[in-house]
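Welcome! Take a moment to look over the sequence and the model, and then we will walk through some of the main sights together.

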Amino acid sequence: MSGGTGSVPLIQVQDLRYTYHAGTPQAVVAVDGVTLTIERGESLALIGANGSGKSTLAKCLNALLQPSAGRVLVDGLDTRDRDAVWAVRQRVGMVFQNPDNQLVATVVEEDVAFGPENLGLPPAEIRRRVEEALRVVEMWEYRDHEPHLLSGGQKQRVAIAGMLAMRPACLILDEATAMLDPQGRAEVLRTAARLNREDGITIVHITHAMEEAALARRVVALAAGRVALDGPADEVFERADVLRDLRLDLPPVAALAQGLRAGGLAVRGRPLTPDDLVEALAGDAHAADAATGAATRPT
Ligand code: ADP
Ligand code: MG
């Protein structure tokens with residue numbers, strides 16, 4: 001989808017450092033030596049306490065910020081290369097927390113057209129992409145609506161459509177669900193999951209909500225600008241000790257499973273979502289049935 005060669009990882013972060021107000025007494029080291037590779041098609045949750053550097057790292061991934069040291073390669077393009085900035089931003093789109101700060105036009109479809117217009121695409125191609133993107137996020141019927149009249153979830157989906165119209169390889173959602181009601185959150189999460197599953201778009205979901213982080217296949221936890229944990233979601237959320245030190249919660253289902261185990265119940269596997277847990281417990285119930293025999297089952 002990105003037009004990349006596919007021969008290099010989508011994103012390579014090599015010993016990245018980023019300092020705000022460098023060389024002044026107000027200098028803040030926000031990212032302090034991060035090395036990370038993100039492959040095409042990954043679904044990754046980026047977690048960490050407030051101020052741990054998540055947003056700064058994200059902005060380095062799409063060339064909104066250039067490294068103070070180290071480097072970031074997107075599809076092999078160095079984000080420090082000024083000529084590559086637009087190619088990088090086309091590949092890695094970001095959706096931010098506040099749905100009201102991201103939509104600039106007065107009509108939904110004009111907003112989605114904004115990116116492709118900046119890419120200098122011909123009008124027919126722009127119209128085609130706008131329609132496709134709005135259909136993907138299920139907002140095509142709202143194309144003539146005024147963005148400010150939409151719900152939070154609808155606004156975020158229009159913002160996602162604006163990125164999709166650029167045909168990105170990766171979408172970064174920087175706490176993009178944080179200001180939404182439960183329905184809006186569900187809409188955005190469902191949209192992101194479908195883009196990942198069906199279109200192979202890499203999703204980097206920055207979130208404080210551990211039940212949302214639990215939906216990703218890989219979880220990276222930042223602490224003070226460094227990677228504290230990085231691995232498959234079920235393995236990262238096994239590290240209750242480390243997460244506690246980072247002042248992070250467990251996903252509710254993982255906490256429940258640990259509580260059940262502590263209470264003597266055999267919960268198999270590492271359930272992270274309600275569906276996982278149902279499966280883990282239903283499996284036990286079936287095993288118990290089999291052990292006691294069908295004759296003892298109530299009819
Ligand atoms: P997170 O997204 O994990 O909350 P940030 O990347 O926003 O973390 O912030 C990391 C550190 O950088 C924090 O100490 C924060 O105060 C600081 N910081 C973030 N943005 C700026 C800025 N524009 N100017 C100065 N310091 C900043
Ligand atoms: Mg942030």
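A strand here is a DSSP run of E with at least two residues, and strands are numbered from the N terminus. Val34 is found in one of these, strand 2. Please keep in mind as you read that this is a predicted model.

**Strand 2 and its sheet**

Let us stay with Val34 for a moment. Is Val34 buried or exposed? Buried means under 20% relative accessible area, and Val34 counts as buried because its relative accessibility is 0%. Leaving aside residues up to four places away in sequence, Val34 touches Val13, Gln14, Asp15, Leu16, Leu57, Leu222, Gly225, Arg226 and Val227. Pro147, on the other hand, is 113 residues from Val34 along the chain, and the C-alpha atoms of the two are separated by 37 Å.

Strand 2 belongs to an open sheet of 4 strands, which runs in the order 2-1-4-5 with antiparallel pairing. Strand 2 and strand 5 (77–78) form the edges, each pairing on one side only. The partner of strand 2 in that order is strand 1 (residues 11–20), and 8 bridges join the two in the antiparallel sense. Across this pairing, Tyr18 stands opposite Val31 in strand 2.

**Around ligand 1**

Which residues are around ligand 1? They are Tyr20, His21, Val28, Ala30, Ala49, Asn50, Gly51, Ser52, Gly53, Lys54, Ser55 and Thr56. By type, this shell divides into 4 nonpolar, 7 polar and 1 charged residue. Three of the residues make polar contacts with oxygen atoms of ligand 1, as the table shows.

| Residue | Part of the residue | Distance to an oxygen atom of ligand 1 |
|---|---|---|
| Ser52 | polar backbone atom | 3.2 Å |
| Lys54 | N or O atom in the side chain | 2.8 Å |
| Ser55 | backbone N or O atom | 2.9 Å |

On its own, ligand 1 has 560 Å² of accessible area, and the protein covers 63% of that. Strand 2 (28–38) and helix 1 (54–61) are the elements that give two or more residues to the shell. Helix 1 gives the most, with 3 residues.

**Strands 6, 7 and 8**

In a regular strand, side chains alternate between the two faces of the sheet. Strand 6 (residues 92–95) is covered on both faces: Val92 and Met94 are buried on one side, and Gly93 and Val95 are buried on the other. Strand 6 pairs with strand 7 (residues 170–174) in the parallel sense over 4 bridges, and Met94 stands opposite Ile172 in strand 7.

Further along, Thr202 is found in strand 8 (residues 202–206). Thr202 is buried, with a relative accessible area of 0%. What does the side chain of Thr202 reach? At 3.4 Å, that side chain reaches the backbone oxygen of Glu39. Not counting residues up to four places away in sequence, Thr202 has several contacts, among them Leu10, Ile38, Arg40, Ala169, Cys170 and Asn196.

**Helix 3**

Our last stop is helix 3 (residues 108–118), where Val108, Asp111, Val112, Ala113, Gly115 and Pro116 are buried. Their cover includes helix 4 (123–136) and helix 5 (152–164). Helix 3 is followed by Gly120, whose phi is positive, near 75°.

Conventions: Residues numbered from 1 in each chain as written. Chains lettered and ligands numbered in written order. Predicted model: local features only at pLDDT ≥ 70, side-chain atom pairs only at ≥ 80, totals over all residues. Heavy atoms only, no water. Buried < 20%, exposed > 50% of the residue type's maximum accessible area, 1.4 Å probe, protein only. Contact = heavy atoms within 4.5 Å. Near = heavy atom within 4 Å. Polar contact = N/O pair within 3.5 Å; in protein donor to acceptor, adjacent residues only side chain to side chain. Areas by Shrake-Rupley, 256 points an atom, 1.4 Å probe, with all protein chains shown as cover. Nonpolar A, V, L, I, M, F, W, Y, C, P; charged D, E, K, R; others polar. Pairing = 2+ DSSP bridges.
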